Amino acid sequence: MADPADVTDPADREGPAEPVDLVDHHCHGVARGPLDEARFLSYLTESDAPAAAGTTFFDSQLGFAVRRWCPPLLGLPAHCPPGDYLARRAELGDEEVTRRLLRSTGITDYVVDTGLADGLTTPAELAAAGGGRAHEIVRLETVAERVAEKAGSSREFLDGLQEAVHAAARTAAGFKSVAAYRHGLGLDPAPPGPGELGAAADRLLAVRDEGRRLDDPVLLRHLLWTAAATGLPLQIHTGFGDPDLRLHHSDPALLTGFIKAVRPTGCSLVLLHAYPYHRSAAYLAHVFPHVYADVGLTLSYTGARAAAVLAEVLELAPFGKVMFSTDAYGLPELYAVGSLLFTRALGQLTKTWVGEGAWAAADAPRIAALIGSGNARRVYGLAP
Amino acid sequence: MADPADVTDPADREGPAEPVDLVDHHCHGVARGPLDEARFLSYLTESDAPAAAGTTFFDSQLGFAVRRWCPPLLGLPAHCPPGDYLARRAELGDEEVTRRLLRSTGITDYVVDTGLADGLTTPAELAAAGGGRAHEIVRLETVAERVAEKAGSSREFLDGLQEAVHAAARTAAGFKSVAAYRHGLGLDPAPPGPGELGAAADRLLAVRDEGRRLDDPVLLRHLLWTAAATGLPLQIHTGFGDPDLRLHHSDPALLTGFIKAVRPTGCSLVLLHAYPYHRSAAYLAHVFPHVYADVGLTLSYTGARAAAVLAEVLELAPFGKVMFSTDAYGLPELYAVGSLLFTRALGQLTKTWVGEGAWAAADAPRIAALIGSGNARRVYGLAP
Amino acid sequence: MADPADVTDPADREGPAEPVDLVDHHCHGVARGPLDEARFLSYLTESDAPAAAGTTFFDSQLGFAVRRWCPPLLGLPAHCPPGDYLARRAELGDEEVTRRLLRSTGITDYVVDTGLADGLTTPAELAAAGGGRAHEIVRLETVAERVAEKAGSSREFLDGLQEAVHAAARTAAGFKSVAAYRHGLGLDPAPPGPGELGAAADRLLAVRDEGRRLDDPVLLRHLLWTAAATGLPLQIHTGFGDPDLRLHHSDPALLTGFIKAVRPTGCSLVLLHAYPYHRSAAYLAHVFPHVYADVGLTLSYTGARAAAVLAEVLELAPFGKVMFSTDAYGLPELYAVGSLLFTRALGQLTKTWVGEGAWAAADAPRIAALIGSGNARRVYGLAP
């Protein structure tokens, strides 16, 4: 099998980087069953439509990053034609491909969002394939929609929701909200009162047979406050995502009121992704003791630009407040690419800053360990 | 005549870059008649006022870029005093200056916005001077204002507008909206109904003798939808521009609702400029198949920073969705500078990424050809 | 005493940079009396809470910058342990530390915001310690709150305010507004009429015993217009700051209406900080002749990234419109770090741009002098 260093990257010729333990504090399962080209490509984009004529989704920074880093992990030269890569993938079989790619990452803990799980491996399967430990992040809107399906009344819905969130809290590592998709982050920061909550629950149950998603801002707020009350960390989608999103409604700065209001509960808030508002997320992580900034998704999608984007996060964010993740979804390739891009981007930045004298040499590995795993272990309470 | 490479830039010493065919998908005519210093300088800024005391508009990244790239094209050393340059310009005459500067660019197709044309060359004149082909972009608000001048009733205005847009569509390469200037991009995304449209037309005709511009959000929306119905590409001003603009109302993310609503029509939307929201424009180009991101104006104005800004666009934007333009206006210098900055910025970025191993060497010229001309040829239907 | 050049930074080995005169057009006093570790650390963050577990506020770009630049100024090696530094600080005494750190900066003029002055040195004391000249910036909200304390009626309040602002204008170098903190910058741009002003004054006096801050948008607007009428420059807080802020309400683009409305008065507006909206501030400085962009606070807090951030400001901002400051507050270290980071960042950028041929060598020191001091001297009317 070719080594990933078998390329012309001068950095590679210096030999492999020190292996670093990583906690992937926000990721998803990988797709079950054989992946044809169309399905493979659909996981390389946040779009829901074909690529521009004459191009494929490989023609993007993420696509180039996959072509650069993954073929060597399957014994092919970097940047080999996509067709060769997909053929090799089929030859090895999904299980072996997943195993090889996951085990290349240094990830010891997979903290898996199970909110969108159809056709994906479970946290336990994922961790087994990768040789790591599994933890679960429970998506609040998914819990609420499940409870609503069976509730006979709004009272039953609200009680059942309370119970379900607290039951989940007994085993989960944390919760996640996708309020950014469902309504936008410009929510009233206060917990809803009983009256508006009951009315919102009534509205939800009245339309539940229409297959509509939970998008009522009152209920979305209620979910945030219910999760906060458990004391577990709460991940919040901010910044870019699929076309369902209105980007400017996902600016994490819109959460400022909620961040202040929820502060006394002691709940940690983890602002996921955030790009292109990652500097605002870093600011919030700077001024609020319970706020953390994630770099997942962003580094994978920006590929050759990962170091540049990570550097922007590291302007205002205190180093004890930034967390690695891959946000990998569907493809084990996204674990490999997310980990490599993060590790190399951070390595490149700290090497530059130490070289310039701006950072002390001894601080670089200490900070890398905080961002790669230490901060997440502390916040999610994971054993080393 | 001195070669532009006669400078101390180490990159130049490696010899001239390969000439690349460019389609300038968004530009304007050059000023007719002799340009005195004041008028020349007025084209180097988006401001409507004099420069700070003790400085001129040459004291900006754009001004320095003009001083660096244009004198050698007229036989003077790079960075010669502005007075020498303007004297040389006068000596050669506008026609010869325009010819030399345009022919330095590699532009084969000029796609010219004729909405602000007073005192500027026509597309045909421009293309003749540059040795390229001319295409026209029709500015919607200008069409509507012309129709309104002669309409006897709101019915006549609306019918005349419909006819004028469809007549223009028979020869134009596309349309352009400056709704960002006139109202802001936070428009209701839906096409206006007949009632509100009639009322808006009545209001327009009632005040048309007051010399007010068309700034009614109902009519601006109507123009967008009327253009979309022709099937031609629709350019939309987003991001920075002259002081008439409220910058935060030109964030392309504000268009998300319209982008989704118009998607079924098959109309391509080209988000012009976008800076400092160019990462948001790139995101929209990523998730929506009919959205494209332009880099014109932005690279010229940011000069020495052009590669840094272009790199940000190329984080999320798929490579089949980004388009070169100069947005040159008034000065042929802006064609020269816009083309050189783009070509060199993209060359520098791809050289770096190939050097790091992040991109395959063979992909660099392919992607450069897409961004420089291929994407625009495909979207505007231009012959190679 | 060790020289700051005694580190491994290759740039340092080229010898010290040319000393450059600086005008610090926005700064604060330093803390009186001995600083224990907790108080020292509280000045290294905009947060109001402890650092993340296992870290201190030294674990940030600002903290690393202090550790890199300040120990050598007190005779210790760069990046020495924080405990050693604080011990050395105690040994030398505050007065000597302040003297050494301030005199390392090249600052000749301290333009001091006296709005938050409890426990801080006066402008005169600061300038004496630093060997420079003192100037005062008067914070409008502080003036208004003082007048309100003693006013017997709203008429008396409004008359007293008018008088106090005009009295201050006789000696002050300018005014400052923190409307971004008190309400946000999305204010009605017009000066308030007498009716709404009287009502707002009534409301203020009715609650003044409750210790509430002045946060009425009518009064905040009135303060801006009252200051503008004096003809002195008006500093406006924009962008990041302490957790009291809602970041997205401090986007300087929100000021566009006020900027246009106030333009005929001839008042200069200086947009402070602006990060992460510094490109928007630079745009406003580009298109409006009376608008200036500051780089203080931002460069200190982003440390190793100061050159990258400064480069973004210098994309659209004309070079006659950008101003150095430290926004130092409490710690003399913030003067040293702010000055060094600015000087080196600008030096690094101009060296790169001259090296690439993008800038003429002769322009670099001229532009550096404008940004470092010339622009501020012109705007605030300071003698050279």
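Which residue is the bridge partner of A:L234 in β6(A)? I will come to that after a word on the model, which is a predicted one.

The partner is A:L269. That pair belongs to a longer contact: strand β5 of chain A, residues 234-238, is joined to β6(A) by five bridges, and the two strands run parallel. Between them the chain passes through helix α12 of chain A, residues 256-262, and this β-α-β crossover from β5(A) to β6(A) is right-handed.

Now to the other neighbour of β6(A). Strand β7 of chain A, residues 291-294, pairs with β6(A) over three bridges, again in the parallel sense. Within that pairing, A:V270 stands opposite A:Y292 of β7(A). The connection here uses helix α13 of chain A, residues 278-287, and together β6(A), α13 and β7(A) form a right-handed β-α-β unit.

So how is β6(A) placed, enclosed or open? Strand β6 of chain A covers residues 269-273, and five of the five are buried, so the strand is largely enclosed by the rest of the structure. Keep in mind that in a regular strand the side chains alternate between the two faces of the sheet.

Next, one residue in chain C. C:S177 sits in strand β4 of chain C, which spans residues 174-177. Its relative accessible area is 1%, and the cut-off for buried is under 20%, so C:S177 counts as buried. What does the side chain of C:S177 reach? It reaches the backbone nitrogen of C:A179, at 3.1 Å.

Last, the cavities. How many cavities of 30 Å³ or more does the structure hold? There are six.

The largest cavity contains about 80 Å³ of space. It is lined by 14 residues, and those closest to its centre are A:A51, A:A52, A:F57, B:P318 and B:K321. So the residues closest to the centre come from chain A and chain B. By type, the lining of this cavity has eight nonpolar, four polar and two charged residues.

The second largest cavity has a volume of about 50 Å³. Here 13 residues make the lining, with A:K321, C:P50, C:A51, C:A52 and C:F57 closest to the centre. The lining of the second largest cavity divides into eight nonpolar residues, four polar and one charged.

To return to the opening pair: A:L234 has A:L269 as its bridge partner in β6(A), and β6(A) also pairs with β7(A).

Terms used. Residues numbered from 1 in each chain as written. Chains lettered and ligands numbered in written order. Predicted model: local features only at pLDDT ≥ 70, side-chain atom pairs only at ≥ 80, totals over all residues. Heavy atoms only, no water. 1 Å grid on protein atoms, 1.4 Å probe; cavity = no way out; pocket = protein on both sides within 12 Å on 5 of 7 lines; lining within 4 Å. Points joined across faces, edges and corners; volume = space filled by probe spheres on them. Nonpolar A, V, L, I, M, F, W, Y, C, P; charged D, E, K, R; others polar. Buried < 20%, exposed > 50% of the residue type's maximum accessible area, 1.4 Å probe, protein only. Helix = DSSP H or I, 4+ residues; strand = E, 2+ residues; numbered from the N terminus. Pairing = 2+ DSSP bridges. Right-handed = clockwise from strand over helix to strand, strands pointing away. Polar contact = N/O pair within 3.5 Å; in protein donor to acceptor, adjacent residues only side chain to side chain.
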